[in-house]
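Welcome, and thanks for taking a look at this one. Below is a short briefing on a protein chain, grouped by topic so that you can follow along in your viewer.

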Amino acid sequence: MKKLLRRLAAPLFAATFLLTAFTSPVRADTPESDAELALQWQNAWDTYKFYDTSPPRPDSGVSRDKAQISIDINAPVGHVFAAYSNINNHIGRHSFLKRLVTHKDWSWEDTRYVNFTAIEEIPYQGAIFTSKTHAQQRVHQDDLYYETDTWSLPNVVTHQKIVFKKLDDGSTRVTERLTFDADTSLIDFVVTNGVASHQQTQLGLKEGIEIGEL
């Protein structure tokens, strides 16, 4: 799976470099402080409105594609939901994710909101490129689902809804409904790479929950 992700990441980032002036430092983390990352998050939220789920306009040069993936986890739904929805548990199980910076964490009515930036290290032609993904997670504990909207260069937006269902045998089915918005020339790469990454994360979380690590 890791070889597959590296192979998929290579053309995606090659295309990215051709389309934008974006370059990432070859280092283990970002040069910005957490406070500076928080400002970048707010700028992305205000400028790109990655919380907006409206379909791209036909003349925008942006395309949308969707995918759905599921996995069954042999553990009670309440436990799976608590472990799976804790984004810090994704570190080390997501293929590239190395660090999470939480900017704000609060609850309003029955929903918990988490604004964060994910720091990812992506291998490309023998080097490690650092990518920052700005996101908001909304956790609906009473209804057993959560949503996450993300934005990253070069203007790639994802909308995620992750639903948890108790099965008759007491195990839990987790279904991720994924929507990707990206430049039309990149959409296939973004979807393929994104789905593969989410599948690996699912497998990592399943293992961690079932063996009692989470």
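## Briefing: cores, salt bridges, pocket and backbone

The largest nonpolar core has 16 residues, and I73, V80, Y84, F164, V174 and I209 touch the most other members. At least two residues of this core come from each of β1 (62–73), α3 (77–85), β6 (156–166) and α4 (187–210). Helix α3 gives the largest share, 5 residues. Please keep in mind that this is a predicted model.

**A second core**

- Apart from the core just described, there is a second, separate one of 10 residues, and V156, A182, I187 and V195 are among them.

**Helix α3 and its surroundings**

- Which residues of α3 are buried? They are V77, V80, F81, A83, Y84 and S85.
- What do these buried residues pack against? Their partners are the strands β1, β4 (127–140), β5 (145–152), β6 and β7, together with helix α4.
- As background, an α-helix has 3.6 residues a turn, so residues three or four places apart point the same way.
- Y84, one of the core residues with the most fellow members in touch, has contacts beyond its neighbours within four places in sequence: I73, H90, Y146, I162, F164, V174, E176, Q202 and L205.
- S85 also belongs to helix α3, and its contacts beyond four places in sequence are V80, Q137, V139 and Y146.
- Is S85 buried or exposed? Its relative accessible area is 9%, so S85 counts as buried.
- Y146 appears in the contact list of Y84 and again in that of S85.

**Salt bridges**

- How many salt bridges does the structure hold? There are 10, and a few of them are described here.
- R173 and D72 form a salt bridge through their side chains, with an N to O distance of 2.7 Å. The two residues are 101 apart in the chain, with R173 in strand β7 (residues 172–183) and D72 in strand β1, so the pair links distant parts.
- Both of these partners are partly exposed: R173 has a relative accessibility of 34%, and D72 has a relative accessible area of 31%.
- E213 and R93 form another side-chain salt bridge, at 3.0 Å from N to O. Because E213 sits in the segment after α4 and R93 in the loop between α3 and β2 (97–108), this pair ties together parts that are 120 residues apart in sequence.
- The E213 partner counts as exposed at 54% relative accessibility, whereas R93 counts as buried at 17%.
- E147 and R138 meet through their side chains at 3.6 Å, N to O. Salt bridges with shared partners join R138, E147 and D149 into one network.
- Within that network, R138 counts as buried, with 14% relative accessibility.

**The largest pocket**

- How much space lies in the largest pocket? The volume is about 360 Å³.
- The lining consists of 15 residues, and those nearest the centre of the pocket are Y48, S54, P56, V62 and D181.
- Two elements, α2 (34–48) and β6, give two or more residues to this lining.
- By residue class, the lining has 6 nonpolar, 5 polar and 4 charged members.

**Backbone points to check in your viewer**

- For context, most residues other than glycine have a negative phi, and most peptide bonds are trans.
- Where is there a cis peptide bond? One joins L153 and P154, with omega at about -5 degrees. P154 is in the loop between β5 and β6.
- N155 is placed in that loop between β5 and β6 as well. N155 is not a glycine, but its phi is positive, at about 65 degrees.
- With a relative accessible area of 34%, N155 is partly exposed.
- E109 is another residue other than glycine with a positive phi, near 55 degrees. The loop between β2 and β3 (111–124) is where E109 is found.
- Is E109 buried or exposed? At 67% relative accessibility, E109 counts as exposed.

Technical notes:
Residues numbered from 1 in each chain as written. Predicted model: local features only at pLDDT ≥ 70, side-chain atom pairs only at ≥ 80, totals over all residues. Heavy atoms only, no water. Core = buried A, V, L, I, M, F, W, Y, C linked by side-chain atoms within 4.5 Å. Buried < 20%, exposed > 50% of the residue type's maximum accessible area, 1.4 Å probe, protein only. Helix = DSSP H or I, 4+ residues; strand = E, 2+ residues; numbered from the N terminus. Contact = heavy atoms within 4.5 Å. Salt bridge = Lys/Arg side-chain N within 4 Å of Asp/Glu carboxyl O. 1 Å grid on protein atoms, 1.4 Å probe; cavity = no way out; pocket = protein on both sides within 12 Å on 5 of 7 lines; lining within 4 Å. Points joined across faces, edges and corners; volume = space filled by probe spheres on them. Nonpolar A, V, L, I, M, F, W, Y, C, P; charged D, E, K, R; others polar.
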